[in-house]
Amino acid sequence: RDAISQRALTVDGAPAYLIRYRAVFLPQSAEGYTAKAEEVAVLLVDTGAVLPSALYVSLPDTVEELWPAVDGLLGSVRIVR
């Protein structure tokens, strides 16, 4: 697993924390699977509820050209109030 970024941020006015990393599969674990790695983003948002809300995004390297689109997705997150 390779960390890409970890940072605090604000999402729709609420405190949040973003973790992004690239997971590389062990060859013996990925046998028969086309993807050899994936990019993962986990966004935790303090919505004021007892537990934070979470968004988990995972894109395999078979669609690596879509990895930059995760930034747009994360930037569009809004809290339902």
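Leu-18, in this predicted model, touches Ser-5, Gln-6, Arg-7, Leu-9, Ala-41, Val-42, Leu-43 and Leu-74, once residues up to four places away in sequence are set aside. The residue is found in strand S2, and with a relative accessibility of 3% Leu-18 counts as buried, because the cut-off for that class is under 20%. One of the residues that Leu-18 touches is Arg-7, and although Leu-18 and Arg-7 are 11 residues apart in sequence, their C-alpha atoms are 5.5 Å apart in space.

Leu-18 also leads to the largest pocket, since Arg-7, Leu-9, Leu-18, Leu-74 and Gly-75 are the lining residues that lie nearest the centre of that pocket. In total 15 residues line the largest pocket, and the space within it comes to about 200 Å³. Strand S1 (2-11), strand S2 (14-24) and helix H1 (69-75) each supply at least two residues of this lining, and the largest share, 6 residues, comes from S1. By character, the lining of the largest pocket divides into 7 nonpolar, 3 polar and 5 charged residues.

Between the two strands S1 and S2 lies a loop, and Asp-12 has its place there. Asp-12 is not a glycine, and yet its phi is positive, at about 50 degrees. With 29% relative accessibility, Asp-12 counts as partly exposed.

It helps at this point to step back to the whole chain. The protein contains 1 helix and 4 strands, and when these elements are read along the sequence they follow the pattern β-β-β-β-α. The C-alpha atoms fill a box of roughly 45 × 25 × 20 Å, taken along the principal axes. Of the 81 residues in the protein, 27% are buried, and the protein exposes about 5500 Å², of which carbon and sulfur atoms supply 57%. Among the contacts with a separation of 6 or more, 35% are accounted for by residues 24 or more positions apart.

Strand S4 (residues 53-60) holds two neighbours in sequence, Leu-55 and Tyr-56, which may be followed one after the other. Leu-55 counts as partly exposed at 28% relative accessibility, and, leaving out residues up to four places away in sequence, Leu-55 touches Ala-41, Val-42, Leu-43, Leu-74 and Val-77. Among these residues, Ala-41, Val-42, Leu-43 and Leu-74 are also touched by Leu-18. With Val-77, Leu-55 forms a pair that is 22 residues apart in sequence and 9.1 Å apart in space, C-alpha to C-alpha.

Tyr-56, by contrast, is exposed, because its relative accessible area of 52% falls over the 50% that sets this class. With residues up to four places away in sequence again left out, Tyr-56 touches Glu-38, Val-40, Ala-41 and Val-42. Computed along the sequence, Tyr-56 and Leu-43 are 13 residues apart, while in space their C-alpha atoms are 6.6 Å apart.

The contact between Tyr-56 and Glu-38 carries the description to strand S3 (residues 37-45), where Glu-38 has its place. Is this charged residue buried or exposed? Glu-38 is buried, because its relative accessible area is 17% and the class takes values under 20%. Its side chain makes a polar contact with the side chain of Ser-58, at 2.6 Å. Beyond residues up to four places away in sequence, Glu-38 touches Tyr-21, Arg-22, Ala-23, Phe-25, Tyr-56, Ser-58, Leu-59, Pro-60, Asp-61 and Trp-67. Ser-58 therefore appears both as the partner in the polar contact and in the list of residues that Glu-38 touches, a contact being heavy atoms within 4.5 Å.

The last residue to consider is Gln-28, which lies in the loop between S2 and S3. Gln-28 counts as exposed, at 58% relative accessibility. Gln-28 and Asp-71 are 43 residues apart in sequence, and the distance between their C-alpha atoms is 31 Å.

Key: Residues numbered from 1 in each chain as written. Predicted model: local features only at pLDDT ≥ 70, side-chain atom pairs only at ≥ 80, totals over all residues. Heavy atoms only, no water. 1 Å grid on protein atoms, 1.4 Å probe; cavity = no way out; pocket = protein on both sides within 12 Å on 5 of 7 lines; lining within 4 Å. Points joined across faces, edges and corners; volume = space filled by probe spheres on them. Nonpolar A, V, L, I, M, F, W, Y, C, P; charged D, E, K, R; others polar. Buried < 20%, exposed > 50% of the residue type's maximum accessible area, 1.4 Å probe, protein only. Polar contact = N/O pair within 3.5 Å; in protein donor to acceptor, adjacent residues only side chain to side chain. Areas by Shrake-Rupley, 256 points an atom, 1.4 Å probe, with all protein chains shown as cover.
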